[in-house]
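Me: Please take a close look at a single part of this model. Then set that part in the context of the rest.

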Amino acid sequence: MLNTTDLSSMYLKEIPEWVSSALTTLWLQNNQLTDVSALSGLSALRELYLSRNQLTDVSALSGLSALTELDLDNNQLTDVSALAGLSALTTLWLNDNQLTDVSALSGLSALRELYLSRNQLTDVS
């Protein structure tokens with residue numbers, strides 16, 4: 001069974017329908033994605049890499065409770081409150097977005113690495 005798929009740098013505008021719900025690792029970096037709702041049913045995902053896309057909304061990821069690593073660098077995110085329930089996250093990349101507030105992430109007790117460079121943050125409490 002396929003557990004890892006790399007679809008990076010393929011100029012994808014949408015996530016292929018054939019992406020398996022059994023995946024534990026998925027690379028989708030450096031594409032042209034604007035919608036990640038197709039990922040909402042991938043409950044086995046532990047690692048998801050979505051950097052360098054055109055994402056503005058990641059609320060579809062809120063139910064991916066097995067995620068331990070999530071890379072959302074270089075997107076157009078202004079709100080990450082939908083990630084507040086991802087209690088298994090240990091590493092979260094949010095560099096190069098348009099974030100002003102990340103207080104919703106304060107309850108992520110398993111989080112060990114949080115990357116926030118080049119945002120518009122005024123408060124990181």
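**A loop residue and its surroundings**

Reply: Ala82 is found in the loop between β4 (69-71) and β5 (91-93); strands are DSSP runs of E with at least two residues, numbered from the N terminus. This is a predicted model, in which local features need pLDDT of at least 70 and side-chain atom pairs count only at pLDDT 80 or more, while totals for chains, interfaces and linings use all residues. Residues are numbered from 1 along each chain as its sequence is written, and side-chain values use heavy atoms, with hydrogens and water left out.

With 21% relative accessibility, Ala82 is classed as partly exposed (buried is under 20% relative accessible area, exposed over 50%, partly exposed in between, with a 1.4 Å probe and protein chains only). Leaving aside residues up to four places away in sequence, Ala82 touches Val58, Ser59 and Ser62, where contact means heavy atoms within 4.5 Å. From C-alpha to C-alpha, Ala82 and Ala104 are 8.3 Å apart, with their positions 22 residues apart in sequence.

The strands on either side of this loop belong to an open sheet of 6 strands, ordered β1-β2-β3-β4-β5-β6 with parallel pairing; two strands pair if DSSP finds at least two bridges between them. β1 (4-6) and β6 (113-115) stand at the edges with a single partner strand each, so one side of each has no neighbour in the sheet. The twist averages 5 degrees from one strand to the next, taken between lines fitted to C-alpha atoms, with angles from 0 to 180 degrees between N-to-C directions. Within the sheet, 3 bridges join β2 (residues 25-27) to β3 (residues 47-49), and Leu26 has Leu48 as its bridge partner in β3.

Aromatic rings also link strands. The search finds 3 aromatic pairs (rings of Phe, Tyr and Trp, the last by its six-membered ring, with centres within 6.5 Å; planes under 30 degrees apart are stacked, over 60 edge-to-face, the rest tilted). Trp27 and Tyr49 are stacked, 5.6 Å centre to centre with 15 degrees between the planes. Trp27 lies in β2 and Tyr49 in β3, so the pair ties together parts 22 residues apart in sequence. Tyr49 is buried at 9% relative accessible area. Tyr49 and Trp93 form a tilted pair, at 6.3 Å and 50 degrees. Ring pairs link Trp27, Tyr49, Trp93 and Tyr115 into a cluster.

Technical notes: Helix = DSSP H or I, 4+ residues; strand = E, 2+ residues; numbered from the N terminus.
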